[in-house]
Amino acid sequence: MTDLDPHARLKSREWEKNDECIKYLNANKVKMQNISQGVGAINYDEYSILIELMPKNITPGKFLQDLASDINQTVNHGMFNTMNVFVRNSKKEPKIGDIYDIDILGPDNGSIMTVAISPDFGSDQASSGWFIINTVESGKYGTHPESGAREFGYETIADGIKFYTRGASRPQNVGSKIGGSIPQSMSWSAMMEGIGTSISMKGGKANMKSIKKIKF
């Protein structure tokens, strides 16, 4: 990633050539949904929140690792957890190849797979960290309503720690395009609010007024 293009990793899609990623696709019997499968223009977005002070004994890396381990429990936000229920297929530490089956509010569910993780993921000393998921076609839910990838991470900036999620995707069909954009925006905004509230309840300080949604 560069400062000029925050979506550089998502655009590169390097995981499509990663042997480890391909191995897990085969082992999990899922098929990666390439962004080219969708309809319309590619949607690039970023949702973020500024954390001015992390709780004692909880580093940004540890919080991100908790997020990857159990998204709903870590976010702990009513709207987000109502709109998306993530079930990860492993109880071990997060890794490439983890599958999350998502019960999405409404008629269409979907699955995702972790396809990339930052080299210092979970480190107490790192100034940034991230993991990337890609939508997959699975035996349980079939085709995900979006084709593409999403990054979750944090960055150390002048005012504190910025937690974010960035997406690069296209709706799978016209129905997803029409009915999915508003719920998706509400969901990721709720996630940022949940992250801020969760960190504040643990003794940190979140700037709730800093929550941003940017469409690129």
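Thr156 lies in strand β7. Start there, and keep in mind that the whole model is predicted. Is Thr156 buried, partly exposed or exposed? Its relative accessibility is 46%. Buried means under 20% and exposed means over 50%, so Thr156 falls in between and counts as partly exposed. Leave aside the neighbours within four places in sequence, and Thr156 is in contact with Ser127 and Ile161. The link to Ser127 can be described in detail. A polar atom of the Thr156 side chain lies 2.7 Å from the backbone oxygen of Ser127. Now look across the model to Met83. Met83 and Thr156 are 73 residues apart along the chain. Their C-alpha atoms are separated by 29 Å.

Stay on the strand and find Glu151. Strand β7 holds this residue too. How much of Glu151 is accessible? Its relative accessible area is 0%, so Glu151 counts as buried. What does its side chain meet there? One polar contact, of 2.7 Å, goes to the side chain of Arg9. Another, of 2.5 Å, goes to the side chain of Tyr164. The wider list of contacts leaves out neighbours within four places in sequence. It includes Arg9, Leu10, Trp130, Phe131 and Ile132. Tyr164, Thr165 and Arg166 are also in contact with Glu151.

That last name takes us to another strand. Arg166 lies in β8. Its relative accessible area is 2%, so Arg166 is buried as well. Which side chain does Arg166 pair with? The partner is Glu46, and the polar contact between the two side chains is 2.5 Å.

Next come the nonpolar residues. The largest nonpolar core has 32 residues. Which of them touch the most other members? They are Phe163, Met191 and Ile195. Many elements feed this core. Those giving two or more residues include the strands β2 (43–53), β4 (99–104), β6 (128–137), β7 (146–157) and β8 (160–171). The helices α3 (60–69), α4 (71–75) and α6 (174–201) do so too. Of the contributors, α6 gives the most, with six residues. Follow Ile195 to see how parts of the chain meet. Not counting residues up to four places away in sequence, Ile195 touches Ile49, Phe63, Val75 and Phe163. There is also a second, separate core. It has 19 residues, among them Cys21, Ile35, Ile99 and Ala168.

Helix α3 deserves a closer look. It is mostly covered, with seven of its ten residues buried. Which ones are they? Begin with Pro60, Gly61, Phe63 and Leu64, which are buried. Then add Gln65, Leu67 and Ala68, also buried in α3. A general point helps with reading any such list. An α-helix has 3.6 residues a turn, so residues three or four places apart point the same way.

Some space is left inside. Rolling a probe the size of a water molecule over the atoms shows where empty space is left. How many cavities of 30 Å³ or more does the structure hold? There is one. The largest cavity has about 30 Å³ of space. Its lining includes Leu64, Leu67, Phe152, Gly153 and Phe163. Tyr164, Met191, Met192 and Ile195 line it too. The elements giving two or more residues to this lining are α3, β7, β8 and α6. Once again α6 gives the most, here with three residues. What classes of residue are found in the lining? Eight are nonpolar, one is polar and none are charged.

Finish with two backbone angles. Most residues other than glycine have a negative phi, and most peptide bonds are trans. Arg13 has a positive phi, near 50 degrees. It sits in the loop between α1 (8–12) and α2 (19–28). Lys29 also has a positive phi, near 55 degrees. Its place is the loop between α2 and β1 (31–32). Are these two residues buried or exposed? Arg13 is buried, with a relative accessible area of 9%. Lys29 is exposed, with a relative accessible area of 73%.

Definitions and conventions: Residues numbered from 1 in each chain as written. Predicted model: local features only at pLDDT ≥ 70, side-chain atom pairs only at ≥ 80, totals over all residues. Heavy atoms only, no water. Core = buried A, V, L, I, M, F, W, Y, C linked by side-chain atoms within 4.5 Å. Buried < 20%, exposed > 50% of the residue type's maximum accessible area, 1.4 Å probe, protein only. Helix = DSSP H or I, 4+ residues; strand = E, 2+ residues; numbered from the N terminus. Contact = heavy atoms within 4.5 Å. Polar contact = N/O pair within 3.5 Å; in protein donor to acceptor, adjacent residues only side chain to side chain. 1 Å grid on protein atoms, 1.4 Å probe; cavity = no way out; pocket = protein on both sides within 12 Å on 5 of 7 lines; lining within 4 Å. Points joined across faces, edges and corners; volume = space filled by probe spheres on them. Nonpolar A, V, L, I, M, F, W, Y, C, P; charged D, E, K, R; others polar.
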